[in-house]
Amino acid sequence: MRFVVKVSGKLLTPNEETLPQAVRELLAEGAQVVVVHGGGPQLSEVLQRMGKVPQFVDGLRVTPKEEMDVIEMVLSGLLNKMLVGAFLRSGIPACGISGRDAFFLRGERYVVEKNGRAIDLGQVGDVAQVDPRILHALWAHGFVPVVSPVCGDSEWQALNVNADWVAAHIARSLQAEYLVFFSDVPGVLQDPENRDSLIATLTPAEMERLIAEGRIRGGMVPKLQALLRILRGCVREVFISEGSEVVRLPELCRGGRLSGTRIVLEGS
């Protein structure tokens, strides 16, 4: 059984213990696990210290070329190794990688179109190709891959790719049974300002309608776009849940479900 677990940067702390414990239980159940992490708040904090003002379009961070080195340093360096350290302290052999390792994730520049006009986001990319050999090699030797969402372009120069998109492409490549997104919100909300307006189940048609109506905003937009573009019929279960649900992750191995939003894709 294969799990791809994406963790928002909003949940990453130097002393993280809950996620490693949940992954330990998944491994004990015989599962194969890939962990993908974001890092939005940490990136914004570092860039603001440098006098930069973060800009976003449809939930995607505008990434000027001159900022890419800093973004890679924070994502693939600071945050990736911080999370790997948390796993190692818990006795779990983890290995941090990014899409620029071992021909893993090749990307291409992503351009947003609004009102018939193309908006250049800089070094923002989308995944064009996944070579999962590095994941299988790490699994074969007992390691848990911890993935930073920095990918390589056709020349293997760095692209900043949304971590939700990276997780979805990896899940599709592996034909994972479960893809789980953990964030600081309880799931997809009918009203983004009301945490009690949780939508328990969503279909592709409902996701498209909510996005078109502007009822989905911010970082949830690229998350749902990834599911619509990438995953139809490819993954058994997709959940969008709050970070506190991490402790219940192993219950999926036993037929349980997480609180949050379950995405019902064609073929599920």
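Sorted by class, the lining of the largest pocket in this predicted model comes out as 16 nonpolar, 13 polar and eight charged residues. That lining takes in 37 residues, and the ones nearest the pocket's centre are K10, G59, D164, G219 and M220. The space inside the largest pocket is about 800 Å³. As for where the lining comes from, helix 2 (40-49) puts in the most, with four residues. At least two residues each come from helix 2, strand 4 (60-61), strand 10 (158-161), helix 5 (163-174) and helix 7 (220-230).

Helix 2 also packs against another helix. Its partner is helix 3 (residues 68-89), and the two axes come within 10 Å, crossing at roughly 130°. An angle between 115 and 145 degrees falls outside the roughly perpendicular and roughly antiparallel ranges, so helix 2 and helix 3 count as oblique to each other. Helix 2 passes helix 3 in a right-handed crossing. On the helix 2 side, the residues in touch are Q42, L43, V46 and L47, and they meet V70, I71, V74, L75 and L79 of helix 3. Nearly everything here is greasy in class terms: eight nonpolar residues, one polar and no charged ones make up the contact of helix 2 with helix 3.

Helix 3 has a further partner in helix 1 (residues 18-28). Here the axes sit 9 Å apart and the packing angle is about 55°, which makes helix 1 oblique to helix 3 as well. This crossing of helix 1 and helix 3 is right-handed. L19, P20 and V23 are the helix 1 residues involved, set against L83, A86 and F87 in helix 3. The contact of helix 1 with helix 3 holds six nonpolar residues, with no polar and no charged ones.

Helix 7, which helps line the largest pocket, packs against helix 6 (residues 204-212). Their axes are 10 Å apart and the angle is about 140°, so helix 6 and helix 7 are again oblique to each other. Helix 6 goes past helix 7 in a left-handed crossing. From helix 6 come P204, M207, E208 and I211, which meet L224, Q225, L227 and L228 in helix 7. The contact of helix 6 with helix 7 splits into six nonpolar residues, one polar and one charged.

Technical notes. Residues numbered from 1 in each chain as written. Predicted model: local features only at pLDDT ≥ 70, side-chain atom pairs only at ≥ 80, totals over all residues. Heavy atoms only, no water. 1 Å grid on protein atoms, 1.4 Å probe; cavity = no way out; pocket = protein on both sides within 12 Å on 5 of 7 lines; lining within 4 Å. Points joined across faces, edges and corners; volume = space filled by probe spheres on them. Nonpolar A, V, L, I, M, F, W, Y, C, P; charged D, E, K, R; others polar. Axes fitted to C-alpha atoms, helices over the stretch in contact; angles between N-to-C directions. Parallel < 35°, antiparallel > 145°, perpendicular 65-115°, else oblique. Left-handed = near helix turned anticlockwise from the far one by under 90°. Contact = heavy atoms within 4.5 Å.
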